[in-house]
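Here is a short briefing on a single protein chain, covering its fold, its dimensions and its core.

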Amino acid sequence: MKLQEIKQIYQKSIDSNLLPFIECDACGHKFFYPRARCPRCFSNKLQVKNSAGVGSVFSYTKFNTKSGESVIYAIIELAEGVRMYSNVFAQRIYVGLRVKAIFKELKGKRVVYFEEEGA
Ligand SMILES: [Zn+2]
């Protein structure tokens with residue numbers, strides 16, 4: 001698959017409120033960031049799959065925007081074992097917090113965020 005095709009499949013999934021990831025058919029490595037080759041074994045035998053959209057906070061950083069808004073940026077580890085960067089909405093943030101994917105429109109494009117499970 002070409003990177004452009006992968007990006008199109010990704011956007012289609014996200015437009016349908018599904019969280020895509022890639023699984024390498026050659027070595028089984030799973031990753032989120034769209035790539036035409038596996039970052040572990042360089043194979044191009046890749047499959048786009050959809051995640052259940054749940055996981056936990058692996059690591060995070062918290063900062064304030066110029067307007068004083070508090071923003072949490074985190075590495076999420078999905079149930080499938082994939083790690084990805086995302087913004088998280090949570091009252092109290094900590095490593096291991098259970099989160100789920102949510103989808104929002106941003107500047108005309110549908111994007112993925114995470115929020116506390118059960119929020
Ligand atoms: Zn691989």
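The points below are grouped by topic.

This is a predicted model, in which local features need pLDDT of at least 70 and side-chain atom pairs count only at pLDDT 80 or more, while totals for chains, interfaces and linings use all residues. Residues are numbered from 1 along each chain as its sequence is written.

**Elements and dimensions**
- The chain has one helix and eight strands, where helices (H or I, at least four residues) and strands (E, at least two) are DSSP runs numbered from the N terminus, and their order from the N terminus is α-β-β-β-β-β-β-β-β.
- The radius of gyration (over C-alpha atoms) is 15 Å, close to the 14 Å from the globule rule (2.2 Å times the number of residues to the power 0.38) for 119 residues, so the chain is as compact as a globular protein of that length.
- Along its principal axes, the C-alpha trace spans about 45 × 30 × 25 Å.

**Burial and core**
- Of the 119 residues, 21% are buried, that is, with 20 or more other C-beta atoms, placed from the backbone, within 10 Å of their own.
- The largest nonpolar core (buried Ala, Val, Leu, Ile, Met, Phe, Trp, Tyr and Cys residues joined through C-beta atoms within 7 Å) has 19 residues, and Val-57, Ile-76, Val-82, Met-84, Val-88, Val-99 and Phe-114 have the most contacts inside it.
- At least two residues of this core come from each of S1 (19-24), S5 (70-78), S6 (83-89), S7 (98-106) and S8 (109-116), with S1 giving the most, four residues.
- Domain 1 (3-51) and domain 2 (54-116), with bounds from an automatic or database domain assignment, both give residues to this core, so it lies between them.

**Contacts**
- Among contacts (C-beta atoms, placed from the backbone, within 7 Å) between residues at least 6 apart in sequence, 48% join residues at least 24 apart.
- Leaving aside residues up to four places away in sequence, Met-84 touches Phe-32, Ile-76 and Leu-78.

Methods:
A residue is buried if 20 or more other C-beta atoms lie within 10 Å of its own, exposed if 12 or fewer, and partly exposed in between; C-beta atoms are placed from the backbone. Two residues are in contact if their C-beta atoms, placed from the backbone, lie within 7 Å.
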